[in-house]
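Colleague: Please take me closely through one helix, its packing against a partner and the core around it. I would also like to know how far the model can be trusted and how the neighbouring pieces fit in.

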Amino acid sequence: MAMRKVIIGPEGIMLKHVLRMYDKESLLNYARDLEIRRTSGLKKDELAEKIANELLMPTVMRRRIAVLSPECRTLLERAIRGPFVPASEEMEDALALHESDYAFLNKRDQLDVPVDVKRAYEKLNTQEFRKYARKMSWLSQCLDFGRAFYGIFDKDVLRKMFNMRKGFHISEEELEKLCNEFPADMTECHLEEGQRFIVVEYLAYDDRYKDLLDIQADKDFYIPNDQEVLDYAKNLYLSKEPAYQKFKEFLQHEIGMTYDEADEEALEIWDKVQFNIDFSDIIQYLIDVYEDFLDDTKIEEMIQLLQELNNNTRMQIHRGHTPNEMMKKGMEEGGFSQRPIVVPGSMEAANLLKCASEELREMGISVDLDSNAAIIPNNFSQNNVSGQADNSFKKIYPNDPCPCGSGKKFKKCCGRHDKL
């Protein structure tokens, strides 16, 4: 689907014509990001032309195209030679290029390039620029990895990441220069307090980074190899991790997913693990979605795969280390006596974990089925002999339906207010 309807001028499609497809408020925000002054009194077309002139300036264009991925630049150069319809596997890169405004998807779903961008890029695209772009795009990918797996990290950590890739060794001075040239609106990281990189949306507001620092304590930073950085840049999670590969194979063989569907589900689970969603809630989520495909045996296998996946996920709270790595380090230092304890959140999850408890114990994982359950009077049960009310008790887990009949989970109703 074409993203915008671009009006063609007599000289052909120009960058200003592409920018006119934004509303005026978006253009004003765009100008603010580019630090263009004196724009409030401009008409929409005048504003679009002023932004286009800024984007076409050699110094600006050099930096903004350099930080795009090599795949994006390859598509740009191909589109300069002539419009084409991107293949499905190229679409994400085509959309990223489209968002840069140096190319656009036309009404025929073709990736196209404004004529003035073509002329400017032909002058820009020298051997020196290509060398510069290799460094800037790699820096961009390192920043993205740091954003996801650290949240907060200084230039020493960034330099270690950068230098892990063969042929990309960089000095402190050159890294400083590249960071200063990086377009501020094309990364979620910015320099803050002692030159730490902070994710603006999540950590800069209300000093949230301080809470993360408290959780991370004094843990060492995990320094990825170049393939992990590239894997995350392409897939938004570490898809090559063996635990995720096994999980995707399970989804394909036992549930009948395609590779792409299994990959998308693995990314969904990665997000849940990263955001510290309760383990039993992740199990419950999968059971709710795929209950028609799961029997007891498959559920037990899935729980084992999920536990392995959870323990081998690189987490921001551990500065990129996995729980297994942290556990190993803790045991070596005498800080841990056992592996984590899995606690169910609902009666159904408790039953599932009970079925798999032996296997989990063999993996060194304790299962506590009752520690977070509430015991409440069950005054509505009847004695099977007399038919009279029997004084019994019922076990209620946090994620079970509240017995008051509200339809809410127990933990969000009577369990929260301690009414029972």
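Modeller: The answer below starts with the model as a whole and then turns to helix α8 and its surroundings.

This is a predicted model, in which local features need pLDDT of at least 70 and side-chain atom pairs count only at pLDDT 80 or more, while totals for chains, interfaces and linings use all residues. Residues are numbered from 1 along each chain as its sequence is written, and side-chain values use heavy atoms, with hydrogens and water left out. The mean pLDDT (the predictor's confidence in each residue, from 0 to 100) of the protein is 84, and 76% of its residues reach 70 or more. Over residues 378–392, however, pLDDT stays under 50, although the model has 18 contacts there beyond four places in sequence, contact meaning heavy atoms within 4.5 Å. Where pLDDT is low, the predicted coordinates should not be read in detail.

The protein's secondary structure comes to 20 helices and nine strands, taken as DSSP runs (helices H or I, at least four residues; strands E, at least two) and numbered from the N terminus. Of the 420 residues, 45% are buried, that is, under 20% relative accessible area, with exposed being over 50% and partly exposed in between (1.4 Å probe, protein chains only). Among the contacts with a separation of 6 or more, 58% join residues 24 or more positions apart.

Helix α8 spans residues 127–149, and its axis comes within 9 Å of that of helix α13 (residues 226–235), the two crossing at roughly 80°. That makes α8 roughly perpendicular to α13; angles of 65 to 115 degrees count as such, those under 35 as roughly parallel, those over 145 as roughly antiparallel and the rest as oblique. The axes are lines fitted to C-alpha atoms, for helices over the stretch in contact, and the angles run from 0 to 180 degrees between N-to-C directions. On the α8 side, Trp138, Gln141, Cys142, Asp144, Phe145, Arg147, Ala148 and Phe149 take part, and they meet Asp226, Glu228, Val229, Leu230, Tyr232 and Ala233 of α13. By class, this contact has nine nonpolar, one polar and four charged residues, where Ala, Val, Leu, Ile, Met, Phe, Trp, Tyr, Cys and Pro count as nonpolar, Asp, Glu, Lys and Arg as charged, and the others, Gly among them, as polar.

Helix α8 also matters to the account of the interior. The largest nonpolar core has 91 residues, of which Ile51 and Leu158 touch the most other members, and its largest share, 11 residues, comes from α8. Such a core is a set of buried Ala, Val, Leu, Ile, Met, Phe, Trp, Tyr and Cys residues joined through side-chain atoms within 4.5 Å. Leaving aside neighbours within four places in sequence, Leu158 is in contact with Leu139, Cys142, Leu143, Phe153, Leu175, Cys179 and Phe197. A second, separate core of six residues includes Ile152, Val199, Tyr209 and Leu212.

Another helix that α8 helps to cover is α4 (residues 58–66), whose buried residues are Val60, Met61, Arg64, Ile65 and Ala66. Besides α8, the cover over them includes α2 (24–33), α3 (44–55), α5 (70–81) and α7 (115–124). In α5 lies Glu77, which counts as partly exposed because its relative accessibility is 28%. Beyond its neighbours within four places in sequence, Glu77 is in contact with Tyr121 and Asn125; the C-alpha atoms of Glu77 and Asn125, 48 residues apart along the chain, are separated by 9.7 Å.

The end of α8 can be followed further through Gln274, which lies in helix α15 (residues 259–274). Setting aside neighbours within four places in sequence, Gln274 is in contact with Ala148 and Phe149, and also with Thr313, Arg314, Met315 and Gln316. Gln274 and Thr313 are 39 residues apart in sequence and 7.8 Å apart in space, C-alpha to C-alpha. Gln274 counts as buried because its relative accessibility is 14%.

Arg319 is found in the loop between α17 (296–311) and α18 (323–332), and it has a positive phi of about 55° although it is not a glycine. At 7% relative accessibility, Arg319 counts as buried.
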